[in-house]
Amino acid sequence: MNNGLILVTDDERQMQKLLQITLESAGYVVVQATTGRDAQTLAASTNPDLILLDLGLPDESGHETLRKLKEWYTRPVMVISVQSGEQDIVAALDHGAHDYIVKPFRTGELLARVRALLRRDTGNVATPHVITAGDLTIDLAARTVKKGEEWLKLTATEYNLLSMLARNAGRVLTHQHLLKEIWGATFVNETQYLRVFVAQLRKKIEDDPNRPLLLLTEPRIGYRFAG
Amino acid sequence: MKQTASRHGNIWRQCLYGVAAIGTMSVIGWATERYMGYHVIAFGLLLVVSLASMVMDVVPVLLTALVSALVWDFCFIPPRFTFHVRRTEDVIFLLMYFVVAITGAALTFRIRKMQQLVREEEERKTALRLYDTLLNSLSHELRTPIATIIAATDNLQTQQHQPGSHYHTELVGEIAQATLRLNEQVENLLSISRLDAGFIHAGNDWTDISELAYNVVQRVEDVGKAHNIVVNIAEDMPLVKTDAGLLQQVLYNLVSNAVRYTPAGSTVTVSAAAADEQLLLSVADDGPGFPEEEIERAFEKFYRLHRTIAGGTGLGLSIVRGYTEVLGGTVTLKNRQPHGALFEVRILAELSYLKNLKHE
């Protein structure tokens, strides 16, 4: 079974082993690198569908490797970090990483995030103009949103926020990125707007706004549209 | 830097008091000179110096001693209002005065130093005793899950349990639980260490308290759903500018404690309200509550009610208090009627009623 090729970059032997077992048992083919340089070489030669990159690498920092990879690699990159490494994670996301996972992590969560990243990234040239998630249908061309059979009334800002997140489904978008793109560069630190609009959106698109399944919070980092 | 500055300020103030006291005694001397000779006034001045050496730092005391000797010479020893001393025996008196004043000051200084050393030694011993107790509790908290893991993995490796068999499933389950427990304990210990070392600083970001509360409830329910957890937060709850991470940990510890120490099926209520730049977060349960005399000690490290079952962290509430203090707030515990505990966290924070934003 081959659900995709994943390049795992981590300098810790035990973590490599566990990641290999976890991913292989879920049907992925795993290729391993223990340094940033190795990762770049292997990425170029094997062209994986997804790269898992530990931010705490020995030779070059994980960030440096990420930067070099993003010069040509267009598929998803998920970074691995530690708790309270939020600044690292935000920096990585702003430099092109799609998602992150924090050690120690649960198998289920890792596999779910990998699946979500691979599902959306079909590598198609044409981007679909209709996005569906659960009972939500978003038509990007018509700028309409339907929940079940009901058309939702969203304000322009609410729609922009939803569409940006949905177009990047599975990918974590940082607070600053969202604020800059939707409200403008001067709003980059005005997180209160984000909070309010996310709450409003959840009331409209979620079955239970208090237990969101579509519009997910990544604490202290940003938001993600599960798809 | 601030401490040194205030110490210097303090020393100047003490010098001022010392000189003022000498002045006062001199005036008294003036007034009573008719009845006592100028030698007696020296005793009065010496009294001032002795009192000063009991309460002031060494520099002000020496200054007081010096000033008092000069004042005695100038104001009282004939010829008055000169520093000149006419009679030979007065020279000896003056010298002796100096000697007595200075030795008195020096001796009291040394005694106070020694008393301080004794006090510090006692404090050290108490701290060591406390540390000892903590280490014991700590090693127990860590060793218990480790022992479980070793025993279970050993068993799995040597006893040929078939995967899927009852024993196999149970052993793996025990390992899973023990490792999560160990993780939780290590995180708690790191938190306490950081708190003690003063490494924790509150960040400041607009927080949706409702989202935070439901998230905590979800996390607690992920571990076990034996309780009825109710969230009581008004629709128009404003955003609060605080550190969401710390606040979430506080709430999580309170709710998971409530769930752990109250009977299954009972209700735990999480409420939040905000007004006048203050956030009030509370967690109420209807379990057995706390014995009145133990309420004070509930927030101490490794404190656990004697009659509870093992399985709690013992650090949860002290982290709650530590984090709350970093957030600039207070946490209180009271018993409810007829029974149950109520924890209230009050934090001063900026509020934003942006929920009334015009729809853009």
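On the surface of chain B, six residues form a nonpolar patch: B:Val91, B:Ile92, B:Leu95, B:Met96, B:Val99 and B:Val100, with about 520 Å² of accessible area together. Such a patch joins nonpolar side chains (Val, Leu, Ile, Met, Phe, Trp, Tyr) within 5 Å, from residues with over 30% relative accessible area and no salt bridge, that is, no side-chain nitrogen of Lys or Arg within 4 Å of a carboxyl oxygen of Asp or Glu. Areas come from the Shrake-Rupley method with a 1.4 Å probe, and for residues only the protein chains shown count as cover.

This is a predicted model: local features need pLDDT of at least 70, side-chain atom pairs count only at pLDDT 80 or more, and totals for chains, interfaces and linings use all residues. Residues are numbered from 1 along each chain as its sequence is written, and side-chain values use heavy atoms, leaving out hydrogens and water.

B:Val91 lies in helix 4 (residues 88–158) of chain B; helices are DSSP runs (H or I, at least four residues) numbered from the N terminus. Here are three residues by accessibility (buried is under 20%, exposed over 50%, partly exposed in between):

| Residue | Relative accessibility | Class |
|---|---|---|
| B:Val91 | 37% | partly exposed |
| B:Cys15 | 9% | buried |
| B:Cys75 | 15% | buried |

What about disulfides? The whole structure has zero over all chains, a disulfide being a pair of cysteine sulfur atoms within 2.5 Å. B:Cys75 has its closest cysteine sulfur in B:Cys15, 19 Å away, so the two are too far apart for a bond.

Notes: Chains are lettered from A and ligands numbered from 1 in the order in which they are written. Buried means under 20% relative accessible area, exposed over 50%, partly exposed in between (1.4 Å probe, protein chains only). Patches are made of residues with over 30% relative accessible area and no salt bridge: like charges are joined within 9 Å, nonpolar side chains (Val, Leu, Ile, Met, Phe, Trp, Tyr) within 5 Å. Helices (H or I, at least four residues) and strands (E, at least two) are DSSP runs, numbered from the N terminus.
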